[in-house]
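Visitor: I should like to learn how to read a model of this kind. May we look at it together?

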Amino acid sequence: MGCGTGLNFALLRGRIGPAGTIIGIDRSAQMLEQARRRAARAGWKNVILIQADAVFLDPAAIRSTIQGQGGSPESDAALATYSLSLMPEWRRAWTNLKALLKAEARVAVVDMKVPEGWARLLTPLAWAACALGGADITAHPWQAVEEDCTNVLRSSARAGHLQIRAGAFHKDPS
Ligand SMILES: C[S@@+](CC[C@H](N)C(=O)[O-])C[C@H]1O[C@@H](n2cnc3c(N)ncnc32)[C@H](O)[C@@H]1O
């Protein structure tokens with residue numbers, strides 16, 4: 001979700017293999033064009049790119065678009081790296097993302113917060129970098145993984161500036 005230029009695609013493809021499908025959703029046509037070129041250059045046929053705003057998309061419409069392009073209407077896993085903090089209403093985007101997943105799907109979020117320890121000195125830099133890119137450094141969208149998933153793996157990098165969470169999503173049976 002918020003796949004950008006598809007920087008993650010090569011690693012994802014390595015995990016899902018040629019038989020799996022990557023579905024990249026982004027609101028920016030320019031980003032998706034670069035993602036499309038990346039997939040074409042690499043000769044990947046199993047990439048479906050959809051231009052949509054994660055906050056306002058209609059999950060049913062997205063599922064039918066995916067199906068129309070030969071993909072499964074419910075995904076086994078979802079990844080949002082450095083994208084949710086760009087969305088003021090990221091919780092709506094998260095709800096929409098969940099609606100595209102199978103029960104027990106793997107979900108991972110990577111995003112930013114202010115650094116910890118000695119690196120707190122770099123906080124103004126971190127704020128400036130996030131503000132420049134339009135991200136809200138106080139959003140902490142990985143909280144959603146903590147709230148909605150089990151078996152949560154937690155990691156961080158760059159003195160806590162980068163927060164990584166992965167877990168298994170538990171779908172409400174209703
Ligand atoms: C910082 S880039 C990260 C791209 C990619 N996830 C990565 O790690 O390389 C953030 C992406 O989120 C997308 N984005 C921001 N707000 C969005 C929204 N409301 N709906 C869908 N995509 C959004 C932007 O267009 C951009 O491509």
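Visitor: Which residue is the bridge partner of Leu79 in β4?

Guide: Bridges are read residue by residue, from one strand to the next. In this predicted model, Leu79 has Ala108 of β4 as its bridge partner. The pair belongs to a longer contact: strand β3, residues 75-81, and strand β4, residues 101-112, are joined by 6 bridges in the parallel sense.

Visitor: Through which helix does the chain cross from β3 to β4?

Guide: Here one follows the chain from strand to strand. From β3 the chain passes through helix α4, residues 90-98, and then reaches β4. This β-α-β crossover is right-handed.

Visitor: In what sense do β4 and β6 pair, parallel or antiparallel?

Guide: The sense must be read separately for each pair of strands. For β4 and strand β6, residues 162-169, the pairing is antiparallel and extends over 7 bridges. Two positions illustrate the pairing: Val109 stands opposite Arg165 in β6, and Met112 stands opposite Leu162 in β6.

Visitor: What is the order of the strands in the open sheet?

Guide: To find the order, one lists the strands from one edge to the other. The open sheet has 4 strands in the order β3-β4-β6-β5, and its pairing is mixed. Because β3 and β5 (149-157) each have a single partner strand, they form the edges, and one side of each has no neighbour in the sheet. On average, neighbouring strands of this sheet are turned by 10° against each other, with direction ignored.

Visitor: How many residues surround the ligand, and which are the closest?

Guide: One begins with the residues around the ligand and then turns to individual atoms. The ligand is surrounded by 17 residues, of which the closest are Gly2, Asp26, Asp53, Ala54 and Thr81. Sorted by class, this shell comprises 8 nonpolar, 6 polar and 3 charged residues.

Visitor: Which side chains have an N or O atom at a stated distance from an atom of the ligand?

Guide: Asp53 and Thr81 are two examples. An N or O atom in the side chain of Asp53 lies 3.0 Å from a nitrogen atom of the ligand. In the side chain of Thr81, an N or O atom is 2.5 Å from a ligand oxygen atom. For Arg27 it is a backbone N or O atom that lies 3.2 Å from a nitrogen atom of the ligand.

Visitor: How much of the ligand's exposed area does the protein bury?

Guide: One compares the ligand alone with the ligand in place. Alone, the ligand exposes 600 Å², and the protein buries 85% of that area.

Key: Residues are numbered from 1 along each chain as its sequence is written. This is a predicted model: local features need pLDDT of at least 70, side-chain atom pairs count only at pLDDT 80 or more; totals for chains, interfaces and linings use all residues. Side-chain values use heavy atoms; hydrogens and water are left out. A residue is near a molecule or strand if one of its heavy atoms lies within 4 Å of it. A polar contact is a pair of N or O atoms within 3.5 Å; within protein, one must be able to donate a hydrogen and the other to accept it, and residues adjacent in sequence count only if both atoms are side-chain atoms. Accessible areas come from the Shrake-Rupley method with a 1.4 Å probe; for residues, only the protein chains shown count as cover. Ala, Val, Leu, Ile, Met, Phe, Trp, Tyr, Cys and Pro count as nonpolar, Asp, Glu, Lys and Arg as charged, and the others, Gly among them, as polar. Two strands pair if DSSP finds at least two bridges between them. A crossover is right-handed if, with the strands pointing away from the viewer, the path from the first strand over the helix to the second runs clockwise. Axes are lines fitted to C-alpha atoms, for helices over the stretch in contact, and angles run from 0 to 180 degrees between N-to-C directions.
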